[in-house]
Amino acid sequence: MTAIVRGSGGNPANAADEGVCLALGTMGSAESTIASACRTETTFTANGRPVRVELDPRESLLDVLRERLGLTGTKKGCDHGQCGACTVHLNGRRIVSCLTPAVQVNGQAVTTIEGVADADGTLHPLQEAFIDNDALQCGYCTPGQVMSGLACIAEGHAGSDDEIREYLSGNLCRCGAYAGILAAVRETARRLNSPVSEG
Ligand code: FES
Ligand code: FES
């Protein structure tokens, strides 16, 4: 018996055209064969380095970064778009990589926490500010906080403490290091000539 499993609804005959992955399985025998019918090649840059991966369209960018490319600085927290631990930049804009299909970044530029410091290891001012302000405890949320903090400053959303809080609200910290994180972003915004008013 052959089972057809669709990744989402639709006519199986049109599934490949729709980017839906069909897994064809031969069931009911000792040897069960699973063949992916729609693996696709995706190319993009990761921290400036050209990358080419053959992947299942259902794979998230987060899993590809961590499991295929070894860029484990990007963390998996909720895997549901709710914690911000997986935040990376796509063409300079922040995204949650757990909800981004890797095929969607084809031809685009991805930056992860590994790409933030200079090539010689010199930390970005925001990374230094995280250290100086004790903006972390366990550190699990920190890569996502830094990527969001960088975007917050670049977007011009670091004009006040309230604004910083609002634009970092998608990044949760179970350790409660929020005061340090706020101070680090505030200090860096000032240092990069983007004044922040208190309150
Ligand atoms: S792991 Fe992506 S938002 Fe939580
Ligand atoms: S420092 Fe532990 S979760 Fe934020």
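**Exercise 1. What percentage of the 199 residues in the protein do buried residues make up?**

Solution. Start with the ground rules: this is a predicted model, where local features need pLDDT of at least 70, side-chain atom pairs count only at pLDDT 80 or more, and totals for chains, interfaces and linings use all residues. Residues are numbered from 1 along each chain as its sequence is written, while chains are lettered from A and ligands numbered from 1 in the order in which they are written.

Next, the cut-offs: a residue is buried if 20 or more other C-beta atoms lie within 10 Å of its own, exposed if 12 or fewer, and partly exposed in between, with C-beta atoms placed from the backbone. On that basis, buried residues come to 31% of the 199.

**Exercise 2. Work out how many helices and strands the protein has, and in what pattern.**

Solution. Helices (H or I, at least four residues) and strands (E, at least two) are DSSP runs, numbered from the N terminus. Go through the chain and you get five helices and eight strands. Written in sequence order, that's β-β-β-β-β-α-β-β-β-α-α-α-α.

**Exercise 3. Take the hairpin of S4 and S5 apart.**

Solution. First, the pairing: two strands pair if DSSP finds at least two bridges between them. Strand S4 (residues 40-46) and S5 run antiparallel, with seven bridges joining them. Phenylalanine 44, for instance, has valine 51 in S5 as its bridge partner.

Then look at the turn. Two residues sit between the strands, and asparagine 47 takes a positive phi near 55 degrees in this hairpin.

Finally, check the cover: of the seven residues in S5 (residues 49-55), the count of buried ones is zero. Still, the buried residues of H1 pack against S5. In H1, those buried are Leu61, Leu62, Val64 and Leu65.

**Exercise 4. Find the largest nonpolar core and say where it lies.**

Solution. A nonpolar core is a set of buried Ala, Val, Leu, Ile, Met, Phe, Trp, Tyr and Cys residues joined through C-beta atoms within 7 Å. The largest one here has 39 residues, and Cys152, Ile164, Ile181, Ala184 and Val185 have the most contacts inside it. At least two core residues come from each of S4, H1, strand S7 (93-96), H2, H3, helix H4 (161-167) and H5. Domain 2 (40-77 + 91-113) and domain 3 (125-191) both contribute residues, so the core lies between them. Those domain bounds come from an automatic or database domain assignment.

**Exercise 5. Which residues does isoleucine 181 touch, not counting residues up to four places away in sequence?**

Solution. Place the residue first: isoleucine 181 is in helix H5 (residues 178-191). It is buried because 27 other C-beta atoms lie within 10 Å. Two residues are in contact if their C-beta atoms, placed from the backbone, lie within 7 Å. With sequence neighbours up to four places away left out, isoleucine 181 touches Ala135, Gln145, Leu168 and Cys173. Do the same for valine 185, and the list is Gly149, Cys152, Ile153, Ala158, Ile164 and Leu168.

**Exercise 6. Where do aspartate 79 and aspartate 134 lie, and are they buried or partly exposed?**

Solution. Most residues other than glycine have a negative phi. Aspartate 79 has a positive phi of about 65 degrees, and aspartate 134 has a positive value near 50 degrees.

Now locate them. Aspartate 79 is in the loop between helix H1 (61-68) and strand S6 (87-90); aspartate 134 is in the loop between helix H2 (125-132) and helix H3 (142-154).

Last, count neighbours: aspartate 79 is partly exposed because it has 15 other C-beta atoms within 10 Å, and aspartate 134, with 13, is partly exposed too.
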